[in-house]
Amino acid sequence: MRLDKYLCHMGAGTRSQVKQKIRKGLVAVDGECVKQPEYQVSPVQQVCVEGRVFSYTEMEYYMLNKPAGCVSARTDEKCRTVLDLISSKKRKDLFPVGRLDKDTEGLLLITNDGKLAHRLLSPRRHVDKTYEARVSGLITGEHVRAFLEGLDIGEERPTRPAFLEVLLSGEISEIRVTICEGKYHQIKRMFQAVGCEVLYLKRISMGSLTLDESLKPGEYRPLTEEELAGLKDG
Ligand code: URA
């Protein structure tokens, strides 16, 4: 890969900033100063910019406990994004796998692995996503049956079977629900369809990946080898 592209991918600056640094003689490859941005560098070589070493990372995978109040986007003019929270990222091409609403908390996978993201998000694969929520109103066995049978949320077809567990039933109920689709605002719309309102929503799993409960909202960590293997095999 070209030296300027490599450094740009590794977050050393924009392409033009990186080119300038290379031309100024601030970049060394395996200890030798290189002044040509087009110089071909391999992932095993050591690249140093003004004394800072950059090692090549092809793919990054992070589990984030998304806090409420930040958006699931790569950039946003007004609002903090989930990528702003990943301070240790090396790659500039990271993105969140799927979206959670601004006010939703919980599990979000952040990566630059487009192939894995496609597998997890493909509507044909029906990857399970489990959420916990607080909702207004008494949730009963009838709701459980209705969620299982499928609800009209204004789409062409009813929702696919969703598994609703009532954790606490009252004026405000606490539930856990598993869906295998990813329609816009799906959980909120499903509860609206049965006359209830979601007051708080948190995703706790996606496929084989479960939110690490030691992560507070806003915290993240790299996936373990096992977690990654589970997602890739799933
Ligand atoms: N369903 C919703 O309504 N919101 C989310 O953030 C995720 C699923």
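**Figure 1. Polar contact of Thr 104 with the ligand in the predicted model.** In this predicted model, a polar side-chain atom of Thr 104 is 2.8 Å from an oxygen atom of the ligand. Taken alone, the ligand exposes 240 Å², of which the protein buries 96%.

**Figure 2. Backbone contacts of His 185 and Lys 188 with the ligand.** The distance from a backbone N or O atom of His 185 to an oxygen atom of the ligand is 3.2 Å. For Lys 188, a polar backbone atom lies 3.0 Å from an oxygen atom of the ligand.

**Figure 3. The shell of residues around the ligand.** Leu 100, Asp 101, Thr 104, Tyr 131, His 185, Gln 186, Ile 187, Lys 188 and Leu 201 surround the ligand. Sorted by class, the shell comprises 4 nonpolar, 3 polar and 2 charged residues. Helix α5, spanning residues 186–193, contributes the most to this shell, with 3 residues. The ligand sits in the largest pocket.

**Figure 4. Placement of the ligand between domain 2 and domain 3.** The domain assignment divides the protein chain into domain 1 (3–54), domain 2 (61–123 + 209–233) and domain 3 (129–206). Because domain 2 and domain 3 both give residues to the shell around the ligand, the ligand lies between them. The C-alpha centres of domain 1 and domain 3 are 51 Å apart.

Technical notes
Residues numbered from 1 in each chain as written. Predicted model: local features only at pLDDT ≥ 70, side-chain atom pairs only at ≥ 80, totals over all residues. Heavy atoms only, no water. Near = heavy atom within 4 Å. Polar contact = N/O pair within 3.5 Å; in protein donor to acceptor, adjacent residues only side chain to side chain. Areas by Shrake-Rupley, 256 points an atom, 1.4 Å probe, with all protein chains shown as cover. 1 Å grid on protein atoms, 1.4 Å probe; cavity = no way out; pocket = protein on both sides within 12 Å on 5 of 7 lines; lining within 4 Å. Sits in = over half its atoms within 2 Å of the grid points. Helix = DSSP H or I, 4+ residues; strand = E, 2+ residues; numbered from the N terminus. Nonpolar A, V, L, I, M, F, W, Y, C, P; charged D, E, K, R; others polar. Domains from an automatic or database assignment.
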